[in-house]
Amino acid sequence: MTMHGGSRAALALVLLIGATQALAAQAAPRYQAPQVTDTARLKGPRQPIFFRHDIHAGQDQIPCMYCHYTVKVSTEPGIPSLQTCMGCHQLISGSTPPHQAEIAKVRKAWSDKQPPEWIRVHTLPGFVHFPHMRHIKALGDNACATCHGDIAHTTQVAQVQTLRMGWCIRCHVEKKVTRDCTVCHY
Amino acid sequence: MVDGMNRRRFLKVLGVTGGGAAVVAGCGIGPEPTEHLIPYLVQSEDEVPGVPTFYASTCRECAAGCGILVKTREGRAIKIEGNPASPINAGRLCARGQASLQGLYNPDRLTDPFAKDASGKLGKITWEDALGRLTGKVKDAKGKGIVFITGLEASSFGDLVDEWMKHVGGRHVTYEPFAFEALREGNRMAFGTAAIPSYDFASAKYILSFGADFMETWLSPVAFQHGFSSAHGFQSGRDAQMAKFVAVSPRMSLEGLNADEWIGVIPGSEGLLALAMAYVIQKSGGAPGDAGRLSDLLNRHRPALVADATGVDAQTIERLAKEFGGAKGGLAVAGGMAAQYPNGAEIVAAVNILNYVAGNVGKTVKFGAELAHGQAGSYRELTGLMADMTAGTVAVLITHGANPAYSVSGFTAAAGKVPFRVAFATMLDETASEADLVLPDLHPLEQWGDSRPRAGIFALQQPAMQPVQSNARGAGDVVASLAGKTGSFKDYVQGRWRAPKGQTWADAVQHGGSFGEAPSTSTRLGADAGKIFAGAPATAALAGGKEEYPVIVYPHYALYDGRGANKPWLQELPHPVSKIMWQSWVELHPDTAAKWAVENGDYLLIKTASGSTARVTVWVTPSIRPGVLGIPTGQGHATYGRYAEGRDVNAFDLLPAAANSYGGRTFTVMASVEVTRDHRYLATLEGDPREGGESIIELLTLGKAASLHAGQHPFEEQEVPTYTDSAEAGWAAAQREKTELGNYVTRPTRWAMAIDLSKCTGCSACVTACYAENNIATVGEELTRRRRFLPWMRIERYFNKSESGSVRAVTTPMLCQQCADAPCEPVCPVFAAYHTPDGLNGQVYNRCVGTRYCANNCPYKVRFFNWFNYAERGGDHEAWPTPLDWQLNPDVTVREKGVMEKCTFCVQRIRFAEHNARVEDRALKDGDIVPACAQGCPSDAIVFGDLNDPHSRVHALSEDPRGYHVLQDLNTKPGITYLARVIAGAEA
Amino acid sequence: MAQTAAPGTSGARVTYDYVTRVINNTLGNPSKGYFALLGVAVGLLTIGIICLLFILRYGLGLAGYSHPVYWAVFITCFVFWVGIAHSGTLISAILFLFRSAWRTAVYRVAEAMTVFAVMTAGLFPLIHIGRQWYFYWLVPYPNERGLWPNFKSPLIWDEFAIGTYFTVSTVFLIMGLIPDIAAVRDLATGWRKKLYALTSLGWRGTNEQWRHYSRGYLYLAGLATPLVLSVHSVVSWDFAMAQVPAWHETIFAPYFVAGAIYSGVAMVISLLVPIRKLFHLEEVVTISHFENLAKLCLLTGMIVGFAYATEYFIAWYSGPTPENKAFWYRAFGPFWWAGWTMNVCNWFLPWILWFKKVRTNLTALFVISIFVNIGMWFERFVIIAIHLAGEPFEPFVKAGYNPTWADWGIMAGSFGWFFMWFLLFVKNFPAVSISEVKEVLPPPVRHGKGAHA
């Protein structure tokens with residue numbers, strides 16, 4: 001029944017996207033994700049599937065938490081399951097040939113039951129425990145950018161912050177929040 | 001639950017061990033250059049990454065059938081906790097239950113079906129092939145004798161096997177090395193029913209144990225201990241009271257440690273003592289009318305007459321009898337050693353009579369709600385089977401969940417006569433390694449099943465995760481298909497499950513089963529109750545030749561009948577009594593040791609009349625009767641995985657092969673002893689055995705304890721210079737300021753713990769719980785001998801003499817005291833050990849450089865050092881060879897070599913609760929946080945909470961008059977308050 | 001003031017020229033024997049390095065530690081070598097301020113010993129920590145994480161004490177060397193000449209230079225003096241600040257300083273006896289020097305003995321306390337032999353130094369000094385390892401302790417390291433101060449009429 005729940009929500013989303021596009025004419029000019037020709041000069045690792053946050057989160061304005069839905073309740077934001085992708089991409093097969101090619105990969109992965117092996121971009125050492133939900137709670141739903149950069153307008157995800165302890169501390173000092181070691185290290 | 005992807009992911013992710021600087025992490029975020037994230041294909045709905053999911057199931061480590069909750073993270077079982085819904089264990093769990101995870105993830109588990117080839121070596125085959133052979137053989141053998149041996153299976157699997165055997169004309173033999181035949185026979189003698197009643201320890205007012213190790217392995221240990229500690233634990237208040245506990249047995253078991261009085265009787269004479277007590281009680285009147293029939297039996301056993309035979313003087317017997325009779329609603333249990341003598345059944349009968357005369361039957365001894373153990377096969381059945389096998393009347397032998405080849409020396413030879421032997425097994429144990437066909441079974445945590453441990457209870461078992469060995473198949477499913485069932489074993493179980501009204505299958509599964517109470521039936525004295533002990537004096541059965549000594553073979557608390565030996569947690573769990581790990585030992589009284597001029601670690605060569613021998617190292621202890629020897633079972637496996645193989649002696653080999661008068665097995669043999677001159681160091685937790693534990697453990701007599709009223713503090717004697725107060729006030733204020741920073745706890749807390757020694761039995765379940773929760777490495781025998789172990793929580797056990805000179809044991813858990821003025825903190829040069837604003841002694845592993853100054857300065861010696869890299873892949877001291885590492889708790893850093901580690905009150909659980917509270921915009925409630933040790937404790941001895949919260953349980957307990965702090969004159973201001981142990985009786 | 005019987009020389013045969021030649025002879029081409037000794041030292045060092053590599057790879061578990069013996073041979077060696085380092089500054093600085101002339105012949109050896117001993121001691125804290133590659137976390141340096149070391153921790157005090165001591169004593173040694181290097185420079189040839197030319201910093205021995213030099217030396221001496229007392233006091237606080245019974249003692253600072261000087265002087269004797277023989281310095285380093293050293297030994301030895309006595313007394317006097325248990329354990333516990341080795345070697349044996357016969361017999365002195373060194377090593381071993389093993393607070397973890405090959409290997413390595421440097425020094429730089437020995441000689445008079453009578 002996961003399937004149904006997933007795809008129903010997805011369908012609604014698809015319609016919403018359609019509607020926004022329809023309204024685009026009279027609505028204020030909306031962010032248009034660039035056409036990428038030369039992917040070689042993009043920053044960050046090349047992922048098995050050229051997933052574009054700028055199209056999904058920027059252009060189509062899908063909220064981050066539609067896919068990374070555990071980020072508010074868990075320490076882990078969660079990597080969306082392939083089913084989540086398929087929820088939309090059963091219906092959406094892409095506008096331009098390159099896009100269609102990438103979406104084809106998703107569908108193949110789904111039919112082969114071989115999820116893509118994403119290359120990890122943001123990594124913390126094992127002795128650091130970073131509770132995502134606490135930071136979203138404190139900084140609001142759009143706080144993702146604070147650490148991950150303006151993902152919604154990034155074609156390919158790359159690490160923009162050092163994610164080193166000094167960098168964490170700086171923010172904790174500014175925000176006057178705890179700097180106790182055992183909050184992250186245990 | 002999980003798809004295959006996850007296992008791959010965890011393998012990869014856990015492959016990350018701390019190269020160079022990084023400390024290895026269970027949660028897999030490691031210094032790997034390119035790390036891959038493999039998403040779910042379909043994510044199950046009850047699965048949130050980073051948040052644990054609990055699955056209710058049933059523990060199958062013994063027949064007690066405790067309910068468990070399997071804690072899973074990202075689809076892996078990482079910890080097992082008791083299921084609060086279960087009426088058996090009420091959310092508690094013993095060490096063995098906790099350790100079943102290491103059976104699941106054991107690196108030596110069977111991966112594929114194996115078959116013996118011509119040369120007699122086991123080779124991989126396919127399932128189709130395997131099942132083909134099996135069905136073929138079974139078809140041919142139809143009528144020629146097919147035998148299916150299982151462990152005690154009061155479950156659908158048992159029924160299924162019965163059905164199948166009936167169908168193919170075979171027979172189903174259940175075999176348990178410790179099968180309680182004497183208990184059943186004794187009940188038949190006394191009450192005319194062979195059922196095993198349920199014993200109500202909780203409501204007993206006086207508890208008398210004749211050898212029954214009811215907190216270790218006897219019947220339903222967790223349930224019994226839970227009941228015992230609620231009765232025996234000291235209840236303060238207006239009518240302050242506790243049930244006195246007297247342990248009668250030649251050697252102190254865990255029960256002996258907790259006894260207010262230990263009576264070290266002559267082996268085999270327990271029954272006489274019971275009858276003598278019964279005599280006294282009957283004399284003083286108040287016995288049920290029909291007890292009159294017993295009078296001539298009892299007259300033959302007046303205290304004066306049995307004093308010599310028992311080695312207990314008449315006055316003591318009189319006194320005990322008066323106390324017991326006067327208690328009105330006491331409970332006497334006979335079992336363990338007492339039920340394993342040649343005259344075990346009679347002893348049980350005698351104790352039944354004692355209960356009956358004292359009017360306890362129906363009150364604390366309840367027939368009706370019978371225990372499943374009554375259905376276990378007897379040892380005689382097995383010896384009978386062995387005879388048949390030798391005679392060649394058995395064509396196919398199938399084994400599951402039983403390992404007779406290990407526990408019965410003659411079995412292998414007999415089974416050799418069987419043309420075709422099949423074994424369902426998760427590990428290649430002695431029985432499986434002899435089989436012609438080995439079928440890899442799923443671990444109980446991976447498959448469906450059920451258990452009916454007690455009348456009225458239908459406990460369900462569900463898979464908590466995908467199989468670790470993808471090519472293993474559940475024995476249930478295999479047998480179901482062989483028995484021609486359509487549908488899976490799950491369907492079979494569901495079919496046998498009878499819904500109590502209002503309960504659906506779904507919530508039965510969710511809650512771990514259907515739990516009802518069977519009505520208790522009234523029981524009268526049996527017809528021939530008076531006939532027992534007609535013949536020779538009881539102890540004659542044990543009389544040996546000259547220079548021969550009784551050797552008591554008893555079940556090891558952790559390894560039990562040997563099935564626990566493949567789990568490092570259990571091997572490295574210090575035995576509650578001897579504190580020895582990884583080794584076998586023989587218990588010897590100091591006098592006997594002096595006579596033979598042996599000391600700890602010397603080897604004895606023990607020879608029985610039947611010619612079997614054992615070389616065992618001596619452990620000298622006052623906890624056993626002079627002239628008696630005690631050896632635990634469990635070690636000495638020929639094959640059973642890397643952790644079990646070739647360790648010392650298999651005590652079963654000493655035992656006589658033949659079944660005894662009541663169809664059981666005799667666990668006491670007469671043996672001669674030869675002193676060898678070899679010696680080795682014992683791998684023991686115990687430092688200096690001469691010490692008595694003063695200043696560590698406080699005792700109170702019941703009278704004194706009862707007279708204490710709130711506000712009194714008999715143990716407060718510390719003289720602290722007044723100037724320290726102001727200093728501490730200021731320091732506390734500074735800490736409080738820090739807590740307000742970001743307010744990650746809603747109010748300045750002081751995490752604290754209260755440990756009630758009148759409840760703590762020293763059973764050590766907390767120790768294993770701690771190992772499981774905190775990724776504590778097991779270091780193996782050699783390093784244990786060199787005292788490199790890392791038990792954050794240890795149970796200290798001291799023997800000290802009471803005023804009357806009788807031996808008494810005292811135990812206490814010792815863990816980081818989370819001092820307010822911690823000696824470890826100021827000396828750390830890098831602030832790795834420091835005081836957290838919420839009142840913990842923080843230990844920052846990744847900051848520690850390993851000067852070990854903190855460990856030197858800690859007076860409690862509860863800090864432990866990583867001398868080697870125990871997480872190193874393939875290292876000499878690797879603690880978690882794959883897939884054992886799948887069990888690692890993702891929320892706790894796996895420590896690297898060269899860092900100090902210690903208990904932090906499960907800080908990860910504290911943070912988890914804080915996170916949730918903050919996300920839900922609420923304050924932390926008392927009880928939100930339960931450390932692993934407190935969670936598992938079968939006797940509710942440990943309470944955790946916030947000392948600054950005036951309404952918390954821990955706050956109340958820390959004010960208790962019995963409260964004291966260990967080494968309080970050092971003014972370390974510990975966060976742990978111990979409540980003095982209370983001794984029921986005249987003297988402490 | 002008659003200077004004929006000037007200490008440090010025997011009679012008129014010893015002239016400025018003689019001194020220069022004799023001491024210059026200690027330099028020059030080394031003999032086979034020298035190379036043999038150097039070989040032994042380097043060999044030991046190699047063993048130590050191999051053991052260290054094993055420890056870095058597999059962990060400290062290779063050493064004999066147990067629970068609760070978390071400090072043992074390594075820290076023992078650390079304290080031992082720091083102790084050795086003490087006599088140096090004492091003899092050179094304090095005796096200099098006291099103008100005791102006899103020091104002149106021996107202080108150079110003492111100072112060199114000091115510097116190398118500190119170099120050795122300094123290694124042990126690094127070796128003994130669990131994650132050696134993070135040793136720099138003990139050093140205060142600004143970092144983005146805003147983390148600093150814990151200045152409350154005696155280990156951090158140590159770091160500073162040892163650091164300062166090393167710097168000052170090194171400067172002191174080099175400074176004293178300058179005029180002598182210049183002296184040998186003028187006699188040397190080849191690469192040595194270049195080396196000395198460089199290291200003598202253009203010393204020409206003009207009055208100007210001498211005036212500045214002696215002033216500076218005086219000030220440095222003044223600066224160095226307090227260190228003699230401070231360093232080992234701080235080291236002793238590593239233990240005194242902890243609450244382990246038999247560590248937590250107010251007497252520790254003076255007790256350790258005395259002990260340090262004691263062991264230092266003993267080491268000076270152990271080194272000077274063979275050097276005197278090998279380099280034929282009998283004329284310059286005379287019996288009277290040794291006698292003075294022996295007296296110093298006797299004095300400090302008695303202070304140490306007194307400290308031991310005080311410890312036992314307080315332990316007995318304080319009744320049934322952990323302190324009491326601890327000292328019972330030291331005397332009669334499983335490690336009684338270690339306790340008594342330390343008592344005999346440091347406390348009882350030196351009393352025979354009361355006899356002038358012994359004080360003036362080099363063989364006897366040499367033997368005694370060796371025993372004192374052994375004894376002082378055991379003193380530290382007993383205090384550290386044994387009292388941890390017998391820590392009475394928590395009887396349940398009282399345990400034995402057996403050092404392993406790793407402990408002994410590293411310890412041997414430390415001796416190799418020390419003697420390697422020392423041997424290299426005595427062969428390449430004047431081991432006895434030329435200029436200062438000359439100070440106490442009668443100045444040469446023209447027409448060689450000898451000194452004034």
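## Salt bridges and the A–B contact

Visitor: How much area is buried between chain A and chain B, and what percentage do carbon and sulfur atoms give?

Guide: Buried area is the accessible area (1.4 Å probe) that two parts lose on being put together, summed over both. For chain A and chain B, carbon and sulfur atoms give 62% of a total of about 4100 Å². Within what chain A buries against chain B, Arg120(A), Arg134(A) and Tyr186(A) supply 18%, more than any other three residues. So, on the question asked, by the definition of buried area: about 4100 Å², 62% from carbon and sulfur.

Visitor: What sort of model is this, and how are things numbered?

Guide: It's a predicted model, where local features need pLDDT of at least 70, side-chain atom pairs count only at pLDDT 80 or more, and totals for chains, interfaces and linings use all residues. Side-chain values use heavy atoms, with hydrogens and water left out, chains are lettered from A and ligands numbered from 1 in the order written, and residues are numbered along each chain as its sequence is written, from 1.

Visitor: How many salt bridges cross the interface of chain A and chain B?

Guide: A salt bridge here is a side-chain nitrogen of Lys or Arg within 4 Å of a carboxyl oxygen of Asp or Glu. Arg911(B) and Asp180(A) form a salt bridge, with the closest N and O atoms 3.7 Å apart. Across the whole interface of chain A and chain B, the rule finds 2.

Visitor: Which residue of chain B stands opposite Trp118(A)?

Guide: Strands (E, at least two residues) and helices (H or I, at least four) are DSSP runs, numbered from the N terminus, and two strands pair if DSSP finds at least two bridges between them. E1(A) pairs with strand E1 (residues 36-37) of chain B in the antiparallel sense, over 2 bridges. Opposite Trp118(A), in E1(B), stands Leu37(B).

Visitor: Inside chain B, how far apart in sequence are the parts that Glu153(B) and Arg60(B) tie together?

Guide: Their side chains meet in a salt bridge at 3.0 Å, N to O. Glu153(B) sits in the loop between strand E7 (146-150) and helix H4 (156-168), and Arg60(B) in the loop between strand E2 (53-58) and strand E3 (67-73), so the pair ties together parts that are 93 residues apart.

Visitor: Is Glu153(B) buried or exposed?

Guide: Buried means under 20% relative accessible area, exposed over 50%, and partly exposed in between (1.4 Å probe, protein chains only). Its partner Arg60(B), at 25%, is partly exposed. Glu153(B) has 14% relative accessibility, so it counts as buried.
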